[in-house]
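Here is a short report on one protein model. It goes from a helix face to buried residues, backbone oddities, cysteines and open space.

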Amino acid sequence: KVSLKGVHSGKFSYNEAKFALSMDAGKRKNNFLGGCVHFTKRDSAAVVPLMRASGFGAIRDEFDWGLYEQSEGVFKFLPEWERYISDTRKCGLEIFTILGLNNPIYFKDGACVPKTAKELEAFGRYVFNTVKQLGDRCNMYEVWNEPNLRSFSKDISPEAYVPALKAGYENVKKANPNAYVVGCGTSGEAHPWIERVLQLGGGEYMDAVSFHPYMWTKGPDDGEFEEKLSGLNRIIEKYCPKLDMVISELGWSSHSTADITLKLHAEFFVKSLAVSSAEKRLKKYFMYEYQDSGISFTHVERNFGLVEYWEDHTPYAAKPIFLASAAYNSFIGDARPEMKYIKNGVFGFSYSVDGHHILMAWSKNGTDIHTDADISAVYDINGNSLPVCGEYRLTESPLYIRSDKEITENKLTEMLEGRLK
């Protein structure tokens, strides 16, 4: 915080404002990482530059069917949507578009995936017009959001979803043959639900399977997150090995009634980036959500963001997770680990970036490690430089250790087990 005092008309004035000094990751855009946003409703001009500065490479949003087609067969693309697309493209971010959700013209009783011949035809028409309107400004689409959750579809069965997926896929490809189509987008990992979609032939109507493997109060390093990833990988390998994986939502809420402090919020996020980047089939990770969506500190849904809400006392102020994201993306970006070490609560991921070798490491239990003369720099989770002293205490908060020479598998193991001399 910074405190400001002044005198005006013989009276003292006093104010405080929060601020943060962060690394600028804008030059190393992480094309693996995107953020879920609601730009179709507000403030893209303010938020997109922050996304780029913290290293994000893409956004995920929707062009709501009910707003695009307000009279049957008449499609009007809203001016504010063009504004948000322009803001996003100026900063070089990709656009990932969710298709569907609801249109009261066709669904009088609330959201549901299209099921009748008329509904499927109408949905296909909306998809085709949306994709044609966007042209080469968007090349990645997701057919529906969380169709296994009644908030988004009254019929949550895989049997209802697959025909909608087929209609979406065929019309995306008809309008843009080069587009990348993502299916499922499930609430939770939903492995049995996704497996049933693939059993029904749904794999023929997508390029990737997406899911939302929320952990809530658990960290990404307790084993459950890796199992969610590997479990879906096994299902895809069994039924349709050509498919990629996409995390189209994942995040943690820093609301005050949970045990997720702002410090843990930042640690969980960058750890999840390291763990997920080791899954080769996983092509994209969309963090939910980039900006807080309200000012209630006790509401779970309102506190996922990297920056504060636009109506807060300090709109767009960086939370600790922003600094951690900028540091991770400055050091690692979208590099994939060449090696990983996970044993006895110690985690290490070794990357090669721009001729440097970076080790990201942490420990759940507290571990003393030794480094050698090849280490040229060490940084904390926020990118602050630490003394190069040869001995470090690994904690829950990751360190970035830079080496001028390759970190071999033996060296990685000896270092993280405290045996390096």
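Buried means under 20% relative accessible area, exposed means over 50%, and partly exposed lies in between (1.4 Å probe, protein chains only). Helices (H or I, at least four residues) and strands (E, at least two) are DSSP runs, numbered from the N terminus. This is a predicted model, in which local features need pLDDT of at least 70, side-chain atom pairs count only at pLDDT 80 or more, and totals for chains, interfaces and linings use all residues. Residues are numbered from 1 along each chain as its sequence is written, and side-chain values use heavy atoms, with hydrogens and water left out.

**Helix H1**

Helix H1 spans residues 44-53, and its buried residues are Ser44, Val47, Val48 and Met51. Seen down the axis of H1, they fall within an arc of 105°, so they line one face of the helix. The arc is that of the directions from the helix axis to the C-beta atoms. What covers these buried residues? The cover includes strand E3 (30-36), E4 and helix H3 (79-90). Glycine 55 follows H1, with a positive phi near 95°.

**Two buried charged residues**

Contact here means heavy atoms within 4.5 Å. Lysine 228 lies in helix H7 (residues 224-239). Its relative accessibility is 6%, so lysine 228 counts as buried. Leaving aside residues up to four places away in sequence, lysine 228 touches Glu189, His191, Phe211, Pro213, Tyr214 and Met215.

Glutamate 146 sits in the loop between E6 and H5. Glutamate 146 also counts as buried, at 8% relative accessibility. Its contacts, not counting residues up to four places away in sequence, are Phe152, Cys184, Gly185, Thr186, Ser187, His212 and Glu249. How far apart are the C-alpha atoms of glutamate 146 and threonine 186? They are separated by 4.3 Å, although the two residues are 40 residues apart along the chain.

**Backbone angles**

Two residues other than glycine with positive phi values are set out below.

| Residue | Phi | Loop | Relative accessible area |
|---|---|---|---|
| Leucine 101 | near 90° | between strand E5 (94-99) and helix H4 (117-134) | 15%, buried |
| Tryptophan 144 | near 75° | between strand E6 (140-143) and helix H5 (158-175) | 0%, buried |

There is also a cis peptide bond. It joins tyrosine 288 and glutamate 289, with omega about -20°. Glutamate 289 lies in the loop between strand E10 (282-287) and helix H9 (320-331).

**Cysteines**

A disulfide is a covalent bond between the sulfur atoms of two cysteines. In this report, a disulfide is counted as a pair of cysteine sulfur atoms within 2.5 Å. How many disulfides does this rule give? The count comes to 0 disulfides. Why is cysteine 112 without a bond? The closest cysteine sulfur, in cysteine 184, is 16 Å from the sulfur of cysteine 112, too far for a bond. Cysteine 184 is in no disulfide either; the nearest cysteine sulfur, that of cysteine 240, is 11 Å away. Cysteine 112 is buried, with a relative accessible area of 9%. Cysteine 184 is buried as well, at 0%.

**Pocket and cavity**

Both terms rest on a 1 Å grid over the protein atoms alone. A cavity is a set of points where a 1.4 Å probe fits but cannot get out. A pocket is an open set with protein on both sides within 12 Å along at least five of seven lines. Lining residues have an atom within 4 Å of a point. Grid points are joined across faces, edges and corners, and a volume is the space filled by probe spheres set on the points.

The largest pocket holds about 520 Å³ of space. Its lining has 26 residues, with Asn145, Phe152, Glu249, Tyr288 and Glu301 nearest the centre. Strand E4 (residues 56-62) gives the largest share of that lining, 3 residues.

The count of cavities of 30 Å³ or more comes to 1. The largest cavity has a volume of about 50 Å³. Which residues line the largest cavity? They are Cys36, Val37, His38, Phe39, Arg42, Asp43, Glu289, Tyr290 and Gln291. Glutamate 289 of the cis peptide bond is thus among the residues lining the largest cavity.
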